[in-house]
Each structure stands twice: as C-alpha cells, then as structure tokens.
Amino acid sequence: MSILALVSAIFCLVKIYIDALRARLSEKYLYHHFAKSWKTLAYGLSLYVGLLITALIINISYEVLGVWSNSIKNDWLWVALFFSILFMGSLMVGLTLIYRIHKKWSIQSLPPSVYSGRILTRKNFPKLWQWVNNLAKSLNAPIPDHIIIGLDSSFFVTSADLVLQPSNQILKGHTLYLPLPFLTALSQEEAQAIIGHELTHFSNEDTIRSSEVHTQFSLLYRHLYDMQDTGRKDEWIEIPVFWMAERFLYRFQIAVYHWGRKQEFLADQGGAQFAGKTVFAQALLRVIAISEVLAQLSINMKTEHFMDTLNNALQHIPLVVDANTLDSSTTHPFDTHPPVKLRLENLGINIDSALISHATRKPQDQDLVWFANLMSNE
C-alpha cells in the first residue's frame, strides 16, 4: 500500500508537468483541459491519501494483534485501546482530507460581477453608437451589446454577465466599458486606439476563453487557501497534498500568463490600426500617467464636481512617464496586461522625447469637447 501511495503521488506530479506543458504549447488545450486537469489531480491525491491511510491502519492493526498474541492476562487491552485511538485518529484525518478535496476543489461559477455606471442606449446616444459601430466594423469585430460609462480607472470589455448599479440591471453578452475620467483627457484618436484594442478582444474571442480561464484560476487559488485555513499549522498528511496543488497552480500560471500576453499583443495590433502605432503608444503611456495622478489625488468620484476637479488638476499637475510607468501593467477586472515596455517593444516603437511629450501634454481644448459632442443628440 505504501508503494502504491508513492506511485500515485509520482503519477500526480508527472501529470501536472505534462498537462502544464501541453497547455503552454496549445491555447485550445488550456481552455478545454484546465478544469479537467484539476479534477484529475483531486482524484489522484484522494487515492494517494486513501492508500497512505490504509497502509498506516494495516500497520496499527498488525501491532495490536501482535501485542494481543503475546500478552498475558488483560495487559493487551490497554495497548489495544491506545492503538485504537491512533487507528481512529488516522482514519478521521484521512477521510476529512479526502472530503475537503472533493468538497472545496470543485470549480464553481462566480456570481455576476457588480459595477457602478450608466448604460448608454442606442436610442439616446446615436452618435456614440455609430462611432463605436464604425470602429468595430473596421476590425471585423462584434458590435457591443452594451456600452457603459462609469468612473472605473480603465477601459475594458467583457462577455461575462454584469450587474449594473444603481439600476440593478443584469447585462448579458458583449459589454464595452468607457471610463469617464479619461474621456476628457485623451484625444479622440487616442481613445479610439484604446477602444480598438478592446474590441479586438471580441473578434479574437478572448473575452470568452481568457476570462473563463482567469476566473477558474482565481477560484482555484481561493479554494486552496480556504483549505489551508490560514494561520493553522497543516497536519503532516496534508503537506504533500497542498504542495502538489501549489505545483499545479504554479505550472499552469505560466501557461495562463503566456497566452494572456499573446492575446494582448494581438489586441495592440488591432488598436494600432486606427491612428498608427505611435498614437496607440502615446495613448497607452497617457492612460497610465493619468491613472497615477488619479491615485495621488484621491478625489472623491461621487461628487458632482469630480470632472471639473480632475480637469483642473491635469492642467496644473505635470504628467510623468518614467521607468516605473514603462514597467507598470494595466490591470483590468478580468485580466492583467503585460508591462507597457514589452508592449511597445512588440509594436516596434522607439520611446523618444517626442513620444513622451505628446503623452504627457496638458489636456487641449479638443480633448475636452470631442466626447461631449458624441454624447449630444444634436
């Protein structure tokens, strides 16, 4: 039984490395087998624990019978009682761990994400919708089912279900999110380059495949740390189980990030189609520089004068593009982009003083009015 337990553990470890390598080589394999590989690992580790506990119980039984066969009078009863406690303790530990594996390792679906914002309908904002439609058609990308405007700190797209606050509307299908703080600080060309990047995710079906895998990956991390009960010292039998689970997540994390990076590079090419690679590059740098100003100011976004306060701040606080800016990664609700420096290198962009100057300019008059014109019905 001990040898079989060792073999099952080796099988689990080898399968982790083989599956993770195949996921690294094939995005399709990652998408279709990530959850299956985790489930197979759960069965393999359950078998390992079961065999190990069985081997331990057999050894305990052997000792009890050995003492009984060589005992005089009733001395063996005390020994039997002692080993019975070990027997029951080992059995309970093993069964509890197996139960926890099958109970908490199952990948469950997350409830819809909740975001604050306002839905912009085709009827009330026809000029905006026409603009977005034209961008999507030029990329052969699906036209969004919904456009939301809000105070989040990034542009993003998703095909996951959303609950929109404060209206409590449930949005299904393709959704494009427009962050208001940036729409009066970017030029229209810069904004459409960023939106072009996001719409390319629709055409490549990244919002379906990538978001699902990222969600599953996040759930597995949560399940693992729930099982470990942070702050409690693991039982000896749990150590190899958790170590194996951590190996699984570490190896698959490499595959998840690898394909996520490729998706972002392809989407960058889509964003660069509209106004050129240089404008797309300055838009990326400008968005991150403005995000840093927002973080420094800590403006209350719920006030009526938020946009006026922000625009005034951008006129007086210089935007900065430095090494930290180039090393930063834009975080979205459903994924994380590679560092800006790598994205610009992939586009073949030379980061010179002219590019930085355009990216860090003060908002101009045309930056302040183009989006208002699209929102108007006139």
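User: Before we get to the aromatic cluster, when do two rings count as a pair in this predicted model?

Analyst: Rings of Phe, Tyr and Trp, with the six-membered ring standing for Trp, pair if their centres lie within 6.5 Å. The model here is a predicted one. By that rule, Phe34, Trp38, Phe217, Phe248 and Phe252 form one aromatic cluster. So the cut-off on the ring centres is 6.5 Å.

User: How many aromatic pairs does that rule give, and are the rings of Phe34 and Phe217 stacked, edge-to-face or tilted?

Analyst: The count comes to 10 aromatic pairs. For Phe34 and Phe217, the ring centres are 6.1 Å apart and the planes make 35°. Planes under 30 degrees apart would be stacked and over 60 edge-to-face, so this pair is tilted.

User: Which helices hold Phe34 and Phe217, and how many residues apart are they?

Analyst: This pair links distant parts of the chain. Phe34 sits in helix H2 (residues 27–69) and Phe217 in helix H7 (residues 206–228). Along the chain they are 183 residues apart.

User: Is Phe34 buried or exposed, and what about Phe217?

Analyst: Buried needs under 20% relative accessible area. Phe34 has 0% relative accessibility, so Phe34 makes the cut. Phe217 comes in at 7%, and therefore Phe217 also counts as buried.

User: Phe248 and Phe252 are in that cluster too; which helix do they meet from H8?

Analyst: Phe248 and Phe252 are among the residues of H8 that meet H1. On the H1 side, the contacting residues include Leu13, Ile16 and Tyr17. The partner helix is H1.

User: Do H1 and H8 run roughly parallel or roughly antiparallel?

Analyst: Helix H1 (residues 2–25) and helix H8 (residues 238–275) pack with their axes 8 Å apart, at an angle of about 5°. Angles under 35 degrees fall in the parallel class. H1 and H8 are therefore roughly parallel.

User: On to the sheets: in what order do the strands of the four-stranded one come, and which stand at the edges?

Analyst: This open sheet has mixed pairing and the order E2-E3-E7-E4. Strand E2 (118–119) and E4 each have a single partner strand, so one side of each lacks a neighbour in the sheet. The edge strands are E2 and E4.

User: Which helices pack on that sheet?

Analyst: One helix touches E3 and E7, with its direction at about 115° to that of E3; this is H4 (residues 126–138). The other touches E4 and E7 and makes about 15° with E4. That second helix is H6 (residues 188–203).

User: How do E3 and E4 each pair with E7, parallel or antiparallel?

Analyst: Strand E3 (residues 146–150) has five bridges to E7, in the parallel sense, and Ile148 stands opposite Tyr177. Strand E4 (residues 156–158) has three bridges to E7, with Thr158 opposite Thr175. So E3 with E7 is parallel, and E4 with E7 is antiparallel.

User: How many of the residues of E7 are buried?

Analyst: In a regular strand the side chains alternate between the two faces of the sheet. In E7, Thr175, Tyr177 and Pro179 lie on one side, Leu176 and Leu178 on the other, and both faces are covered. For strand E7 (residues 175–179), the buried count is five of five.

User: What is the average twist in the three-stranded sheet?

Analyst: That open sheet is ordered E1-E5-E6 with mixed pairing. Strand E1 (113–116) and strand E6 (169–171) stand at its edges. From one strand to the next, the twist averages 30°.

Technical notes
Residues are numbered from 1 along each chain as its sequence is written. This is a predicted model: local features need pLDDT of at least 70, side-chain atom pairs count only at pLDDT 80 or more; totals for chains, interfaces and linings use all residues. Side-chain values use heavy atoms; hydrogens and water are left out. Buried means under 20% relative accessible area, exposed over 50%, partly exposed in between (1.4 Å probe, protein chains only). Helices (H or I, at least four residues) and strands (E, at least two) are DSSP runs, numbered from the N terminus. Two strands pair if DSSP finds at least two bridges between them. Axes are lines fitted to C-alpha atoms, for helices over the stretch in contact, and angles run from 0 to 180 degrees between N-to-C directions. Angles under 35 degrees count as roughly parallel, over 145 as roughly antiparallel, 65 to 115 as roughly perpendicular and the rest as oblique. Contact means heavy atoms within 4.5 Å.
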